[in-house]
Amino acid sequence: MPLNLQKNLPAIELLKKEHIFVMDSSRASEQDIRPLRVLILNLMPLKITTETDLIRLLSNSPLQIEVEFMKIKGHTPKNTPIEHMQEFYKDFDDIASDYYDGMIVTGAPVEQLAFEDVTYWNEITSIFDWARTHVASTLYICWAAQAGLYHFYGVPKYDLPAKMFGVFRHTLRESYLPIFRGFDDEFYVPHSRHTEIRREDILKVSELTLLSESEESGVYMVMSRGGREFYITGHSEYSPYTLNDEYIRDLNKGLPIQVPANYYRNNDPALGPVVRWRGHANLLFTNWLNYYVYQQTPFNIEDIKNLGSLV
């Protein structure tokens, strides 16, 4: 089934070139099917790139999905045209009375700040609280995962001596869960971050379940509230060249950066990347949609409201 997207979203034309079936909202309204409503709070600086990466993964489900984008009201992005933000993004005030089947909160380039020093901390924590009563299942990615765990459970983050940068091998702790349906015993995930959360802090909180980790990159996935919240420290959504672009960017800025681990063929940037994570990424998003958004989502708004009350 197709994704329902707002007409003229740049990702539509980009994904059509990859033979991914997307449908703008005018055509989707002709079908007598209630699509799953998925809200994306996009905090990444390159909005269009992140939109395309996430939509690419959401498109692999047979479910019909209606995607909406939300932005932080008190923050103006520097790397995305204001016209794009005005046309395709909503403020929290615009959707606060709505209910959604799923929500994704992306990473953000603020991880080296204390949480309370982030200019939009009060706004984003209000959105986190709202999601618990208005969304069936929420996926928190990278900085958003750290922020959510800190806000809800007091889990701290720690500075790393050097950037965790590359593609790392992970294992499963709870392989029987539907979120891991079809996963191999070992799988790879890109990471790009300066801070970490630690397993000992997760294990102290009875409401949290540590699902997956890596010997090199640490905690990867944590679940709470029976799958109504997932916290993911890596970037499974990254396209093949995202780490390369970040590496070149940091080199050009003169920042201290190592070649991303386990990424380039023979560890040589001139030979290009080896993609090790695409199969896992597709399974992750498809399983989340199928087993935690669709199968546990009520069929009408009143039932979603009742589900939302189970905080």
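What follows is a chat about a predicted model of one protein chain.

Reader: What ground rules apply to the model?
Author: This is a predicted model, in which local features need pLDDT of at least 70 and side-chain atom pairs count only at pLDDT 80 or more, while totals for chains, interfaces and linings use all residues. Residues are numbered from 1 along each chain as its sequence is written, and side-chain values use heavy atoms, with hydrogens and water left out.

Reader: How many helices and strands in the chain?
Author: The protein chain has 11 helices and 12 strands. Both are DSSP runs numbered from the N terminus, helices being H or I with at least four residues and strands E with at least two.

Reader: And what share of the residues is buried?
Author: Of the 311 residues, 57% count as buried. Buried means under 20% relative accessible area, exposed means over 50%, and partly exposed lies in between, with a 1.4 Å probe and protein chains only.

Reader: How much area does the chain expose?
Author: About 14100 Å², with carbon and sulfur atoms supplying 49% of it. Accessible areas come from the Shrake-Rupley method with a 1.4 Å probe, and for residues only the protein chains shown count as cover.

Reader: What percentage of contacts join residues at least 24 apart?
Author: Among contacts between residues at least 6 apart in sequence, 73% do. A contact means heavy atoms within 4.5 Å.

Reader: Pockets next. What volume does the largest pocket have?
Author: The largest pocket has a volume of about 1300 Å³. Of the 45 residues that line the largest pocket, those closest to its centre are Pro-45, Ala-108, Pro-109, Glu-246 and Arg-249.

Reader: What counts as a pocket or a cavity here?
Author: On a 1 Å grid over the protein atoms alone, a cavity is a set of points where a 1.4 Å probe fits but cannot get out, and a pocket is an open set with protein on both sides within 12 Å along at least five of seven lines; lining residues have an atom within 4 Å of a point. Grid points are joined across faces, edges and corners, and the volume is the space filled by probe spheres set on the points.

Reader: Which element gives the most to the lining of the largest pocket?
Author: Helix 9, with five residues. Helix 3, strand 8 (158-172), strand 9 (186-196) and helix 9 each supply at least two residues of that lining.

Reader: How does that lining of the largest pocket divide by residue type?
Author: Into 20 nonpolar, 13 polar and 12 charged. Ala, Val, Leu, Ile, Met, Phe, Trp, Tyr, Cys and Pro count as nonpolar, Asp, Glu, Lys and Arg as charged, and the others, Gly among them, as polar.

Reader: How many cavities of 30 Å³ or more?
Author: Two. The second largest has a volume of about 30 Å³. Its lining residues include Phe-128, Arg-132, Tyr-140 and Glu-229, and helix 6 (121-134) and strand 7 (135-141) each supply at least two residues of the lining. That lining divides into four nonpolar, one polar and four charged.

Reader: Back to helix 3. Is Thr-52 buried or exposed?
Author: Thr-52, in helix 3 (residues 47-58), counts as buried because its relative accessibility is 6%. The Thr-52 side chain reaches the backbone oxygen of Ile-48 at 2.9 Å, a polar contact being a pair of N or O atoms within 3.5 Å; within protein, one must be able to donate a hydrogen and the other to accept it, and residues adjacent in sequence count only if both atoms are side-chain atoms.

Reader: And what does the side chain of His-280 reach?
Author: The backbone oxygen of Tyr-188, at 3.5 Å. His-280 is found in helix 10 (residues 278-294) and is buried, with a relative accessible area of 7%. Leaving aside neighbours within four places in sequence, His-280 is in contact with residues including Phe-183, Tyr-188, Tyr-220 and Ser-236.

Reader: Where is Asn-266, and what is its phi?
Author: Asn-266 is in the loop between helix 9 (242-252) and helix 10, with phi near 55°. Asn-267, in the loop between helix 9 and helix 10, has a positive phi near 60°. Most residues other than glycine have a negative phi. Asn-266 counts as exposed at 69% relative accessibility, and Asn-267 is partly exposed at 48%.

Reader: Pro-260: buried or exposed?
Author: Buried, with a relative accessible area of 0%. Pro-260 is found in the loop between helix 9 and helix 10. Leaving aside neighbours within four places in sequence, Pro-260 is in contact with Phe-165, Gly-166, Tyr-247 and Asn-267.
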